[in-house]
Each structure stands twice: as structure tokens, then as C-alpha cells.
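Dear colleague,

Please find the structure below, handed over for your files. The findings follow directly after it.

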Amino acid sequence: MRYGAVTLWAALLAYPLVLYNQFYWDIGVGLLLAAITASAWNIVGGYAGQVSVGHAMFFGIGAYAPLLVYHLWKLPPVAGVPLAIGLSLALAVIIGVPTLRLKGHYFSMATIAIAELIRIFVGTWDLVGAAIGLQGPAVGRGWWDLTFRSEIPYYYIFLGVLAVLLSVTAVVERGRFGYYLRAIKAGERAARSLGVPVQQTKLKALMLSAAFTSVAGSLYAIKTGFIDPESGFGILVSVQMVIVAALGGAGTRLGPLVGALVLVPAQTAINTWFGGGGTGLTYILYGGIILVLARFEPGGLHELWHRAAPLLRRRARAA
Amino acid sequence: MLLEASEVSMAFGSFAAVSGASLAVEEGEIVGLIGPNGAGKSTFFNCLAGDMQPTSGRIVFAGVDLTRTSPETHALAGIGRTFQVPATFEDMTLLDNVMVGAFLRYPQPEQAREHARRILGLTGLGGYAGQRARSLGTPGRKRLEIARVLATRPRLMLLDEALAGLTPTELQQAVALVREIHASGVTLVIVEHIMEVIMTLTKRVLVFNQGHVIASGAPESVVREEAVIEAYIGRGRRKRRQ
């Protein structure tokens, strides 16, 4: 596993330099963004088993805040990142305290409802551009605006954020907090009987997850220089996080990254082959993945590998 | 007195599952709770563990009132419990399962791991530390639950049918384990249907029927009491036998 991880990171570092082409850079940046959002979702959705389908609310806040500080006060968009983190943490507490008491599907439904309410509200709020949305600086006033012509700087910024997030996840995984999250996922009642402060632990996980999801939203908005209610708070944003994590292996450190490595190129292929007419196919792809995972392998590719690896090793030894 | 539950009642709507049950346990005792199915033992047990908050009554443990506190507070105070249907963390290894319990007293992972390994050794599960809990059969899961609770270093352990469904050999081993736990200074309250276990392990039992404590005392004398026999085999049958 260690060699696998080193190879994976080396490949990610070398990718934009080896495949030196705008098309591949686009895929790379999209892939890293999907990996960041899914890894952030994974902390609460994967490890703690609290399947939020409304994480777009944090992504949207993260995306809107940088462009709002530019729109209102002409500040560099990156100045909005701490504001977005603060707002996301506050929202996580406000919605987490009541909703994290809900079990299973009820929690998921509550998060969908809240995210949709926020999307509709933002779509009518003039301060944030209502249905039209907000724009960032068209031309960078300096390096601090982070408007690069090439995709390569974005690629490495995104890769850096992903590395930080996965390092934090590794620390969480090894410590008491990580054990408590997995125990909560496995059985809340038993966890409580062993002294696990369930509500407090779930809330902390949601806050950590919200903060990183918000950073992902900020990165997206700073890179694209544009945000509207659908691309910030739309349900597809939330669903993508869940699907990417579940495909690779929810509740595992590298699962979301693996999921992104499979899903994003597949999506790009669909878009390339079918052009604008392929937009609806993304939903079909997501639906198909949900069906296959639910029927055959709820643990995702990570679990599949863990089951297949011993068989492959045995076969290799026999040969 | 280590545990003092007085006049505990638990009602679900108009149905009284437990009515005015009292139990006092001295440090170092093993007390048994018996009674037919649906007598209210498990509900009473859940109240003692903090899983349910009694409708009325009072639960005091080591001088602290725990009547309306959460299971987390009960665990922290030193009350550990197992479940009638084992609730092990299926996808976690045995070591990780026990570490979750160990973290209550040892917040550092290295210390928690060391403590968990010691407990796994003590409960005879040391050889399976790296296996997932789902790979165990029922006896193994029950043993793992006991190990997980032991890792929290409880002063009082509540065992809910922890020995049910075991073969005679497994039962002997489990009784030996319970004795070992008791010898290490842990007080025990056990719910059990197997009378052989109750007779072997306990010096005092409480008999539940229809939410009430109908008898208490030494197991040998309690099982001869009229009310207890009636609760188990019914009045009509006794009359017919007479």
C-alpha cells in the first residue's frame, strides 16, 4: 500500500508535465477538485457514516465569499477564504446540532432540504447577484488575485490543498477521534455505552468537513472567476461528492481520490463524445454507479481491491 | 453501597415495563436478575446503563446521581454494559473494537493500544487481534463485547445474557472469565436465563415478573418461592399438578 501511495503521488506530481496539453490539464484540475470535495465529505459522510447530501451548502459558501469580497470591496478573492471558512463552520454548528440527532436517511433528507433552501434563497438575493451570480476579476491585478492563464499553477495549488487535507485525514484516522468516528458509524448505541460522546464527535467531524468543503468551493470560484446558485449550491455538487467517495471507498483515506481518478475522466469522455447533448448523461452515469455499488459492492473499489488482492496474489503464486 | 436504584419505573405510554424496582449492590458483589421473557429485566438494565431515562425513581452510583444522565456519563462514572444481541463494530478489527473502549481512560493511541492488547490477552482473544469482528461467531462476539467493556476499566459491569447460546464447553470458559473479572475487583450485575450460571456465579438474585421485583435473596431459596414458580410455569399448571 505504501509503494502504491508513493507511486500515486509521484504520478500526480508529474501529470501536467508529462501530459503537456490544455485538455489534460483541465481534466487534472477537475479531478483534483472532485478529490478534494469528496475527501472533505468523507470525514463526516465516510468515516462517521453521516451521509450528507447537502454539502453543496458549504461548497457554495466557499465559492461565493471570495467573489463577494471582490464584488463589494475589490479585495483579492483569496481574502474571502477565511470568511467562507468561518461562515461554513457557523452553518455546520447551526444545522449540525439539530440534524445530527437524526438517524440514517432522515439526516440525508434534512441536509438536502437545507441545501436546496439556501440555493433558492441565494437565487433571489440581489447582494450576491441573485440568479445571475457573481464574477471575479476579469484580468488579474497582481499575483494575489490568483488569475493565471495556464492551468498548471491551479493544478499544483489544488494538489497542495489535497495533500494537506489527506494529511489531516491521516492524523484523524490514527487518533482517538478517528476511532470514535468509525465506532459511531458501526453502532451509535454501542459507542455511547463505551463513553463515546457521539453528538459532540459528529459535530466536530461535520465542522472539519465543512471547512475543507468550503476551501474547495473557494478554489473553484477563484479558478473559474464566476459562480451562480446552481454551480455553487446545486444538488449535483453534493451528489458528486457522495458518488466519488462511495465509488472509491467511503471511510478510507485514498478512496475519494481513487473515485475521482475513475469518475472525472469518464465524465470528460462523455462530454467530449456527446458535446452539449451529453449533459443529461452525467445523471445517468451517477445513477448507474449508485445502482452498481448498492447491488454489488457498497464498499466501493477499495473493498473490491481488498477482496480481489489475496485471490490475485494466490493465482500469481500458483502460476 | 456502589449502586442504589430506588423505586425505578419505566413506562412506554400506558404500558409500565418496570414498576418501582429497587436494587442495591455492594462493591464486590455478583447479583443476578432473572425472570420470564418480557418481565422487564432488560428495560431495568437499560435504565441502569443510562440507555433509557426512567419515568420515575432514582439511580445513584458511587454517591453520584445518574438518574437522568447519558450512557456516556454512565461509562465515565464506571458503569459498563454488554448487549443481549452483541453490538460489536463489525468492520473494525478486534483490536480496534477494544481500543474504542480503552480510549475512555487512555486518550493517547499508543497507551490505548497497549491496554487493548492486554485486555484481548486476558479475554483469550489475543490471537485474533487483527481480524475483523464480523469474522467471529456468537461466542466470540460476546467475548469481544466483554473485552471492550473491560477496556473502559469499569467498577460495575452489567452483563445482558452474555452467556446465552454457548455450548457447554464455551459456557464453562465464559463462567471462568466472569470469575476472573470479578476477582480483579469488578462488581457484576448479570441478566441470565441459564439457572446453572446464576446458581454458580451469584449469591443474590432478583426475580422480575410483569415489571415488578417479586422476590429477592439467595438463588437456592428464591427458586423455591411460590411466586417465582408461578411466574415461570403459571398458576393453572401448578393447580393441575396439585
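In chain A, helices α11(A) and α12(A) are roughly perpendicular to each other, because their crossing angle falls in the range of 65 to 115 degrees. Please bear in mind that this is a predicted model. The axes of α11 (residues 235-248) and α12 (residues 255-274) cross at roughly 105° and come within 6 Å. On the α11(A) side, the contact is formed by A:I243, A:V244, A:A245, A:L247 and A:G248. Their counterparts in α12(A) include A:G255, A:P256, A:L257 and A:V258, with A:G259, A:A260, A:V262 and A:L263 also taking part. Sorted by class, this contact comprises 10 nonpolar and three polar residues, and no charged ones.

A second point concerns helix α7 of chain A, residues 176-186. Of its 11 residues, 10 are buried, so the helix is largely enclosed by the rest of the structure. Among the buried residues are A:R176, A:R182 and A:K185, as well as A:Y179, A:Y180, A:L181 and A:I184. The cover over them involves both chains: it includes α2 (22-47), α6 (152-174), α8 (188-193) and α9 (198-224) of chain A, and also α3 (94-102) and α4 (109-122) of chain B.

As for chain B as a whole, it contains 10 helices and 10 strands. Its radius of gyration is 18 Å, which agrees with the value near 18 Å for a compact globule of 242 residues. The C-alpha trace spans about 60 × 40 × 30 Å along its principal axes, and 45% of the residues in chain B are buried. Of the chain B contacts between residues at least 6 apart in sequence, 63% link residues at least 24 apart.

With kind regards

Technical notes
Residues numbered from 1 in each chain as written. Chains lettered and ligands numbered in written order. Predicted model: local features only at pLDDT ≥ 70, side-chain atom pairs only at ≥ 80, totals over all residues. Buried ≥ 20, exposed ≤ 12 C-beta atoms within 10 Å, placed from the backbone. Helix = DSSP H or I, 4+ residues; strand = E, 2+ residues; numbered from the N terminus. Contact = placed C-beta atoms within 7 Å. Rg over C-alpha atoms; globule rule 2.2 N^0.38 Å. Axes fitted to C-alpha atoms, helices over the stretch in contact; angles between N-to-C directions. Parallel < 35°, antiparallel > 145°, perpendicular 65-115°, else oblique. Nonpolar A, V, L, I, M, F, W, Y, C, P; charged D, E, K, R; others polar.
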